[in-house]
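Reader: I am new to this structure and would like to be led through it one step at a time. Could we begin with a single position and then widen the view?

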Amino acid sequence: MFAESKRRVTAVQAAELARDVPRDILRVAVMLHPSQAELDEVWSQFRPDVLQTDVDDLAILQVPDGLQVTPVFRAGRALPATLPTRLLFEGPVSGTGETTDWSAAAELAARTQLILAGGLKPANVAEAIAIARPFGVDVSSGVEARPGVKDPQKIYDFVRNARAAGNGAVK
Ligand SMILES: O=C(O)c1ccccc1N[C@@H]1O[C@H](COP(=O)(O)O)[C@@H](O)[C@H]1O
């Protein structure tokens, strides 16, 4: 997370945190309206596999070759005629634990690979999946003990409930 947030890290800290993570796990740089200089810094120091930022940002930024993008689409905003192969759908403000419009998400999820985010937590992820039928889910504040501090038990419960809702096995 490289934006004004309790979860903010520097590009150097992110590289250090990701150092021992297996290469088949994608490194996602979550940004919010980054400047070109901020993106370039994250690219050179952290080398993410994927950039997650608002779709409007991608019209302005020069995205380095080799960096995949997951554009963020926000509920209530106009949609382009052509959708990307994969997108992240959430509410107006990121990282606040506020749920988004799951019915609107369902309509989009029928047209493209939709990652549902915004206000998900162990107690509601199964219902969100049942309604929206997303390609994937993303969570931050819903699996924290307090802002910025992840809770392993909540992460376990979230993954278990998400897998069960998607008929996946729980290991
Ligand atoms: O987590 C943040 O503080 C944040 C700040 C700015 C942009 C994105 C942020 N997080 C992303 O927001 C969504 C939903 O988060 P939540 O589950 O509602 O807390 C998710 O993609 C986070 O990665």
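**From one pair of residues to the sheet**

Reader: Which residue in β6 does Ile115 stand opposite?

Author: The model is a predicted one, and in it two bridges join β5 to strand β6, residues 136-137, with the two strands running parallel. Leu116 takes part in this pairing too, standing opposite Val137 in β6. For Ile115, the residue opposite in β6 is Gly136.

Reader: Along strand β5, which side chains point to one face and are buried?

Author: Strand β5 covers residues 113-116, and its side chains alternate between two faces. Gln113 and Ile115 point to one of these faces and are not buried. The side chains that point to the other face, and that are buried, are those of Leu114 and Leu116.

Reader: How many bridges join strand β4 to β5, and which residue of β5 is the bridge partner of Phe89?

Author: Strand β4 takes in residues 86-90, and it runs parallel to β5, to which it is joined by four bridges. Within this pairing Leu88 stands opposite Ile115, while the bridge partner of Phe89 in β5 is Leu116.

Reader: Is β4 largely enclosed by the rest of the structure or largely open?

Author: A residue counts as buried here if 20 or more other C-beta atoms lie within 10 Å of its own. Four of the five residues of β4 meet that condition, so the strand, with regard to the rest of the structure, is largely enclosed.

Reader: What is the order of the strands in the open sheet, and which strands are at its edges?

Author: Six strands form the sheet, with parallel pairing, and their order is β1-β2-β3-β4-β5-β6. Two of them pair on one side only, and these edge strands are β1 and β6.

Reader: On the β1 side of the sheet, how many bridges join β2 to strand β3?

Author: Strand β1, residues 28-30, pairs in the parallel sense with strand β2, residues 50-54, over three bridges, and there Ala29 stands opposite Leu51. Further across, β2 runs parallel to strand β3, residues 68-74, and Val50 has Gln68 as its bridge partner. The number of bridges that join β2 to β3 is five.

Reader: Which residue in β4 stands opposite Arg74?

Author: Strands β3 and β4 pair in the parallel sense, and three bridges make up this pairing. Opposite Arg74, on the β4 side, stands Glu90.

Reader: Which helix makes a right-handed β-α-β unit with β1 and β2, and which one does so with β5 and β6?

Author: Between β1 and β2 the unit is right-handed, and its helix, covering residues 36-46, is α2. The unit made with β5 and β6 is right-handed as well, and its helix, covering residues 125-132, is α4.

Reader: Is Ala37 buried or exposed?

Author: Ala37 lies in helix α2, and its C-alpha is 9.8 Å in space from that of Leu61, although the two are 24 residues apart in sequence. A residue counts as exposed if 12 or fewer other C-beta atoms lie within 10 Å of its own. Because Ala37 has 8 such atoms around it, its class is exposed.

Reader: At roughly what angle do the axes of α3 and α4 cross, and is α3 parallel or oblique to α4?

Author: The axes of the two helices come within 8 Å and cross at roughly 50°. That angle is why the relation of α3 to α4 is called oblique.

Reader: Which residues of α4 meet α3, and how many of the residues in the contact are nonpolar?

Author: From α3, the residues Trp102, Ser103, Ala105, Ala106 and Ala109 take part, and from α4 they meet Ala128, Ile131 and Ala132. Of the residues in this contact, one is polar and none is charged, while the number of nonpolar ones is seven.

Reader: How far apart in space are Ala106 and Ala128, C-alpha to C-alpha?

Author: Ala106 is found in helix α3 and is partly exposed, with 17 other C-beta atoms within 10 Å. Leaving aside neighbours within four places in sequence, Ala106 is in contact with Ile131, Ala132 and Arg133. Ala106 and Ala128 are 22 residues apart in sequence, and in space their C-alpha atoms are separated by 9.5 Å.

Definitions and conventions:
Residues numbered from 1 in each chain as written. Predicted model: local features only at pLDDT ≥ 70, side-chain atom pairs only at ≥ 80, totals over all residues. Pairing = 2+ DSSP bridges. Right-handed = clockwise from strand over helix to strand, strands pointing away. Axes fitted to C-alpha atoms, helices over the stretch in contact; angles between N-to-C directions. Parallel < 35°, antiparallel > 145°, perpendicular 65-115°, else oblique. Contact = placed C-beta atoms within 7 Å. Nonpolar A, V, L, I, M, F, W, Y, C, P; charged D, E, K, R; others polar.
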